[in-house]
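This briefing walks through a structure by topic, from one helix to the packing and pairings of side chains. Please keep the sequence and the 3D view at hand while reading.

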Amino acid sequence: MFKIRYKIITGFAILGIMLVISGLISIYELTKLGNQVNRLLMDNYRSIDFSKQMNFSLSLQERAVMLSIQGDKEKANSLFGNAVSTFNDNLLKASNNLTIPGEAGTVDSIALAFSKFKAKAEGFINEPSPSLQKYLTDVNPALEEVRRNVEDLLTLNQQNLNQMVSVLEKSPYRTILPGLIIVITSVIFTIIFNYMISYYLLSPIKRITKGIQNFTKYRRQYDVTIETRDEMFELNESVKDLILTKSIQKKNE
C-alpha cells in the first residue's frame, strides 16, 4: 500500500531533483562561458600587444636608418640594434601564442620578411655614404613588407575578437536554457501533482462526505468504495464500521 504522504514526498523529491539538475547545468554553462571569454580575451590581447610593439620597433629601426643617412652611424647602429632586439623578443612571444587559425603562417611571414629587411638595413647603415634614393628603392620596400605582415597579424586577432563578440551574443541563450527547463518541468509537475491531489485526496473526501450526508439525512445505505489502498481507504473502512455500529445500536434500542 502506497500511502498518500509517500506520494506527496515522492512528488516533492522529483521536483527537488529537477531543480538541482537545472541549477548544476546553469553553473556549468556560466563557468564554461567565463573561462572561454577569459581565454579569448587574454590570447587576443597578448597578440595585439605584440603586434603593436613590433610596429613601434619598426618605427625605431626606420629612424635609425634615417640617422645613418645623416652621418650619425654610431647612434644609428645602437638604436637599430636595440630596436631589432625588441622586435625579435615580441616576434618570439607571438610565435608562442598561436591560438587562432592562420596565425602561425602570418608569424612565419613576418619572420621571413623581417630577416630580409634586417640584412638590407644593416648593410645600408654601414655603407660609407648611404643615400636616400637607395633607401627608398631598396630598404623601404622591405620595411613596408614587414609592416604589412605585422598588420595582417593585428587584423587577424581583431577579427577573432569580433568572433568572440558573436559567441558572447549566443551564450546568454545557452544560460537561459536551464531556466526554461525549470519553468517547463515545473509547469508539467504542477499539472501532474494537481491531478494526483485531486484523484487521491480531494475526490475520495468528497465521496465519503456525500455518503455520510446521504446516510444521516436520507437514511440511504453507505456504499462508498475507495479503490486505492491508502489513508483514504482506511478512513472509508472506519466510516463503514462506525455506521454499521450505529445501525446495530439503533436496532437494539
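Helix H3 has 23 residues, which at 1.5 Å a residue should span 33 Å, and this agrees with the 32 Å between its end C-alpha atoms. The model is a predicted one, and the points below follow H3 into its surroundings before turning to the other helices.

**Helix H3 and the nonpolar cores**

- The buried residues of H3 are Glu103, Thr106, Val107, Ile110, Ala113, Phe114, Phe117, Ala121, Phe124 and Ile125, a list in which a reader can look for recurring spacings along the chain.
- An α-helix has 3.6 residues a turn, so residues three or four places apart point the same way.
- The largest nonpolar core has 28 residues, of which Met54, Leu58, Phe87, Phe117 and Val146 touch the most other members.
- Two or more residues of this core come from each of the elements H1, H2 (73-95), H3 and H4, and the largest share, eight residues, is given by H3.
- Leaving aside residues up to four places away in sequence, Leu58 touches Phe87, Phe114, Phe117, Leu143, Val146, Arg147 and Val150.
- Another core of eight residues lies apart from the largest one, and it includes Phe215, Tyr222, Val224 and Met232.
- In soluble globular proteins, nonpolar side chains tend to be buried together.

**Aromatic pairs**

- How many aromatic pairs does the structure hold? The structure holds six of them, and two are described here in turn.
- Phe124 and Tyr135 form a tilted pair, because their ring centres are 6.2 Å apart and their planes stand at 50°.
- Since Phe124 belongs to helix H3 and Tyr135 to helix H4 (residues 132-218), this pair ties together parts that are eleven residues apart in sequence.
- Both partners are buried, with Phe124 at 1% relative accessibility and Tyr135 at 3%.
- Tyr195 and Tyr199 make a stacked pair, with 5.9 Å from centre to centre and 15° between the planes, and these two residues of helix H4 are four residues apart, or about one helical turn.
- Is Tyr195 buried or exposed? Tyr195 is exposed, with a relative accessible area of 54%, while its partner Tyr199 is partly exposed at 41%.
- Ring pairs also link Phe80, Phe87, Phe114 and Phe117 into a cluster; Phe114 and Phe117 from this cluster are listed among the buried residues of H3.

**Charges over rings**

- Arg219 lies over the face of Phe215, at 4.7 Å from the ring centre, and Phe215 is also one of the residues in the core of eight.
- The charged end of Arg220 sits over the ring of Tyr218, with 5.0 Å to the ring centre.

**Salt bridges**

- The count of salt bridges comes to ten, and three of them can be placed within individual helices as follows.
- Within helix H1 (residues 4-69), Asp43 and Arg46 are three residues apart and so separated by about one helical turn, and their salt bridge has its closest N and O atoms 3.4 Å apart.
- Which of these two partners is buried and which is partly exposed? Asp43 counts as buried, because its relative accessibility of 10% is under the 20% limit, whereas Arg46, at 33%, counts as partly exposed.
- In helix H3 (residues 103-125), Lys118 and Glu122 are four residues apart, about one helical turn, and their side chains meet in a salt bridge at 3.1 Å, N to O.
- Lys118 is partly exposed, with a relative accessible area of 25%, and Glu122 is partly exposed as well, at 33%.
- Lys240 and Glu237 lie three residues apart in helix H5 (residues 231-252), about one turn of the helix, and the closest N and O atoms of their salt bridge are 3.8 Å apart.
- Lys240 counts as partly exposed at 28% relative accessibility, and Glu237, at 28%, also counts as partly exposed.
- Elsewhere, salt bridges that share partners join Glu62, Glu144 and Arg147 into one network, and Arg147 is also among the residues that Leu58 touches.

How values were computed: Residues are numbered from 1 along each chain as its sequence is written. This is a predicted model: local features need pLDDT of at least 70, side-chain atom pairs count only at pLDDT 80 or more; totals for chains, interfaces and linings use all residues. Side-chain values use heavy atoms; hydrogens and water are left out. A salt bridge is a side-chain nitrogen of Lys or Arg within 4 Å of a carboxyl oxygen of Asp or Glu. Buried means under 20% relative accessible area, exposed over 50%, partly exposed in between (1.4 Å probe, protein chains only). Rings of Phe, Tyr and Trp (its six-membered ring) pair if their centres lie within 6.5 Å; planes under 30 degrees apart count as stacked, over 60 as edge-to-face and the rest as tilted. A charge sits over a ring if NZ of Lys or CZ of Arg is within 6 Å of the ring centre and within 35 degrees of the ring normal. A nonpolar core is a set of buried Ala, Val, Leu, Ile, Met, Phe, Trp, Tyr and Cys residues joined through side-chain atoms within 4.5 Å. Contact means heavy atoms within 4.5 Å. The expected span of a helix is 1.5 Å times one less than its number of residues.
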